[in-house]
Amino acid sequence: MALSPLLRWGIFVSAITAAVFAYSFKQHQFLFTTSEYDPLPVYCYRSVRTHDAEHPSAECFSVVDGLFRHIWTREDRDSLHGVRGVDVSVSDGYAIPGLWDGHGHLLQYGEFLHSVDLFGSKSLDDVRDRIKKYLAANPGAGTKDHWLRGVGWDQSAFGRMPTADDIEEDDELRGIYMMLDRIDVHCSWVSQAVLELLPEEIPNVPGGDVIRDPGPGVFCDNAIDMVMDLWPKPGEEDKARAVISAMKELNKVGLVGMHDAGVTAENARLYSKLANSPDWTVRVYSMLECAKRNTFCPEETPRVAHQNGMFGLRSVKLFADGALGSWGSAMLEPYSDHPWTSGSLLINASALINVTKSWAREGFQVNIHAIGDLANRNAIDAFEAALKQQCGQQDLLECQSRHRFRIEHSQIIHPDDQKRMHALGIIPSIQPTHATSDMKYAEERIGPKRTEEEAYRMKSLLDINPILGSDFPVEPPNPFQGIYAAVTRKSPHTGLGPDPKAPSEGWHTKEALSLDEALMGFTRNVAYGAFIEQYAGVIRRGAFADWVVLDAPLEHMEVEELRTLKVRETWVGGRRVYSRDEEQ
Ligand SMILES: *[C@@H]1O[C@H](CO)[C@@H](O)[C@H](O)[C@H]1NC(C)=O
Ligand SMILES: *[C@@H]1O[C@H](CO)[C@@H](O)[C@H](O)[C@H]1NC(C)=O
Ligand SMILES: [Zn+2]
């Protein structure tokens with residue numbers, strides 16, 4: 001950048017003034033000034049983990065306009081002290097780059113925070129009790145215009161699928177309007193009042209399941225849509241409130257950014273409006289979901305390159321199949337515990353190829369939800385076809401480095417297809433806590449051989465930069481729990497593995513990551529997956545000034561401490577958005 005001589009002189013004079021000013025400015029953390037006499041914050045910590053390969057550790061950094069400016073290592077900290085007269089008093093803490101969740105659901109998480117929490121519910125009575133408590137605290141919920149919403153039930157705790165009658169038979173709950181999502185949000189349980197809004201003969205739906213045994217009330221996958229269509233949608237104010245509540249909780253666990261795995265065009269426009277407000281404290285990279293699932297809808301799509309660095313949208317979410325918990329994921333071979341089915345695709349192979357190619361041609365990153373090994377195969381086929389369309393038969397790996405197609409969940413992948421993923425560089429987007437939540441039943445569903453060779457891989461996918469996340473609200477958003485699950489392959493909630501006879505053993509630990517590898521999954525790889533590796537997941541000149549302060553250096557922590565770790569502070573764009581001290 002060429003500066004005029006006059007301007008250069010001006011900067012020189014101001015710099016001297018600034019240094020003098022700084023010398024008398026000894027207040028903690030605000031240590032010297034810019035040419036405009038504004039205090040230029042310098043932050044020093046006991047250690048700073050940078051994730052910058054050239055300077056992996058540092059002691060201090062400064063921030064200008066929401067970006068990191070100077071980074072000082074231990075050696076040049078002395079020069080900072082001597083020459084410029086800057087107070088380098090050290091904050092009592094250890095800084096790491098701000099963490100990102102590679103796959104979550106922002107609005108749903110906010111709505112979850114304002115709805116009935118059914119996670120861990122142990123019986124139908126437990127569910128009914130939680131609903132009653134919620135209704136007592138939220139008068140007006142459960143009416144025709146304001147349905148009661150909740151998430152987190154699992155029929156395995158009830159011994160059968162729940163029904164509308166389970167609610168209707170309770171005197172206190174009779175007549176309420178309610179829609180409760182299963183723990184994996186692939187099924188929804190409604191009350192009698194909602195059933196009565198549907199046709200008397202409820203039709204079957206391709207790619208969906210209307211549960212009729214032991215009674216009506218539960219709708220899965222594509223069948224959920226007919227209930228969703230009736231649900232009175234929250235207004236913009238409700239949504240804004242939900243999103244901001246979600247962001248507060250995310251900041252609290254050290255998250256500075258997230259990939260929003262499915263946003264409607266309408267909500268994307270709302271986000272784009274809200275992203276300029278000071279309450280918007282989490283960077284969001286969204287995947288568009290068309291009004292009609294698995295379609296091509298470029299005309300309704302707002303494209304947002306990089307608004308303030310706080311919101312971006314250049315990717316689309318498609319769904320190849322459902323979830324393992326409800327036997328909805330599409331497998332090449334039948335389920336081991338339900339040998340009469342191998343799950344179902346939500347879109348056939350040729351249609352998936354077609355829609356993937358259409359989005360790729362428009363310049364969108366395509367992110368396909370795939371759990372079962374058939375769904376993963378179809379996703380890889382679709383990506384390969386799209387890469388060939390975009391780049392001919394040339395170097396497809398290089399082509400993929402520009403398109404960065406990803407598979408959301410990548411849970412069960414046939415060995416042949418794992419090889420193809422490596423060869424094409426297709427990015428796996430993985431939730432380590434899904435592995436530790438599913439380990440209780442996954443082996444029953446798919447048997448030992450497929451579990452061993454295909455399921456919940458992490459370590460063996462390292463060369464293709466796995467993105468890590470939580471899928472909140474399906475799992476809690478705390479990335480340290482995700483890191484724990486990735487490193488130990490044990491449940492972060494209990495600290496135990498799946499075998500009651502050897503509970504200290506993790507599940508298939510051959511696929512466990514090291515702490516460093518897991519951290520990269522929540523920083524560098526997530527940034528790469530959103531095309532912002534220059535800006536996020538790293539403490540380096542010019543990157544977003546996002547960091548997290550911990551009480552102890554991660555690398556010296558006992559791994560069990562990760563389960564209960566509480567961050568001290570979270571900073572986004574040079575602004576402190578969470579402080580544990582102020583919370584108390
Ligand atoms: C795949 O799905 C598309 C769109 O739903 C349909 O037109 C086509 O016939 C299907 N193809 C096969 C082979 O089933
Ligand atoms: C392929 O996708 C385009 C939209 O991109 C659509 O118009 C067309 O009908 C699709 N063709 C098939 C065979 O599904
Ligand atoms: Zn998800």
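**Why these labels? A zinc site, a ligand and two cores**

Visitor: Why is aspartate 471 called buried?

Guide: Aspartate 471 has a relative accessible area of 7%, and buried means under 20%, so the label fits. Do keep in mind that this is a predicted model.

Visitor: What makes His103, His105 and Asp471 donors of the zinc ion (ligand 3)?

Guide: Distance decides that. The NE2 atoms of His103 and His105 and the OD of Asp471 lie 2.1 to 2.2 Å from the zinc ion. A donor has to be an N, O or S atom within 2.8 Å of a metal such as this one, so these atoms qualify.

Visitor: How are the donor residues of the zinc ion spaced in sequence?

Guide: Their pattern reads H-x1-H-x365-D. The pair of histidine 103 and aspartate 471 links distant parts of the chain, 368 residues apart. Histidine 103 is in strand S6 (residues 99-104), while aspartate 471 sits in the loop between strand S20 (467-468) and helix H16 (479-488).

Visitor: And histidine 103, is that residue buried or exposed?

Guide: Buried: its relative accessible area is 1%, and the cut-off is under 20%.

Visitor: How do you know that ligand 2 makes a polar contact with asparagine 354?

Guide: An oxygen atom of ligand 2 is 2.3 Å from an N or O atom in the side chain of asparagine 354. The limit for such a pair is 3.5 Å, so the contact counts. Serine 358 passes in a similar way, with a side-chain N or O atom 2.6 Å from an oxygen atom of ligand 2. Phe296 is also among the residues around this ligand. The protein covers 32% of the 360 Å² of accessible area that ligand 2 has on its own.

Visitor: Which residues touch the most other members of the largest nonpolar core?

Guide: Those are Leu106, Trp280, Trp359 and Phe480, in a core of 98 residues. Helix H11 (residues 373-391) gives the most to this core, with eight residues. Apart from it lies another core, of 22 residues, including Val127 and Phe158. As for tryptophan 280, the residues it touches include Leu106, Val243, Met247 and Met310, leaving out those up to four places away in sequence.

Visitor: Last one: what makes serine 191 buried?

Guide: Serine 191 has 0% relative accessibility, and under 20% is what the term asks for, so the name holds. This serine is in the loop between strand S10 (187-190) and helix H6 (192-195). Beyond its neighbours within four places in sequence, serine 191 is in contact with Ala164, Ile176, Tyr177 and Met178.

Key. Residues numbered from 1 in each chain as written. Chains lettered and ligands numbered in written order. Predicted model: local features only at pLDDT ≥ 70, side-chain atom pairs only at ≥ 80, totals over all residues. Heavy atoms only, no water. Near = heavy atom within 4 Å. Polar contact = N/O pair within 3.5 Å; in protein donor to acceptor, adjacent residues only side chain to side chain. Areas by Shrake-Rupley, 256 points an atom, 1.4 Å probe, with all protein chains shown as cover. Donors = N, O, S within 2.8 Å, 3.2 Å for Na, K, Ca; no water. Helix = DSSP H or I, 4+ residues; strand = E, 2+ residues; numbered from the N terminus. Buried < 20%, exposed > 50% of the residue type's maximum accessible area, 1.4 Å probe, protein only. Core = buried A, V, L, I, M, F, W, Y, C linked by side-chain atoms within 4.5 Å. Contact = heavy atoms within 4.5 Å.
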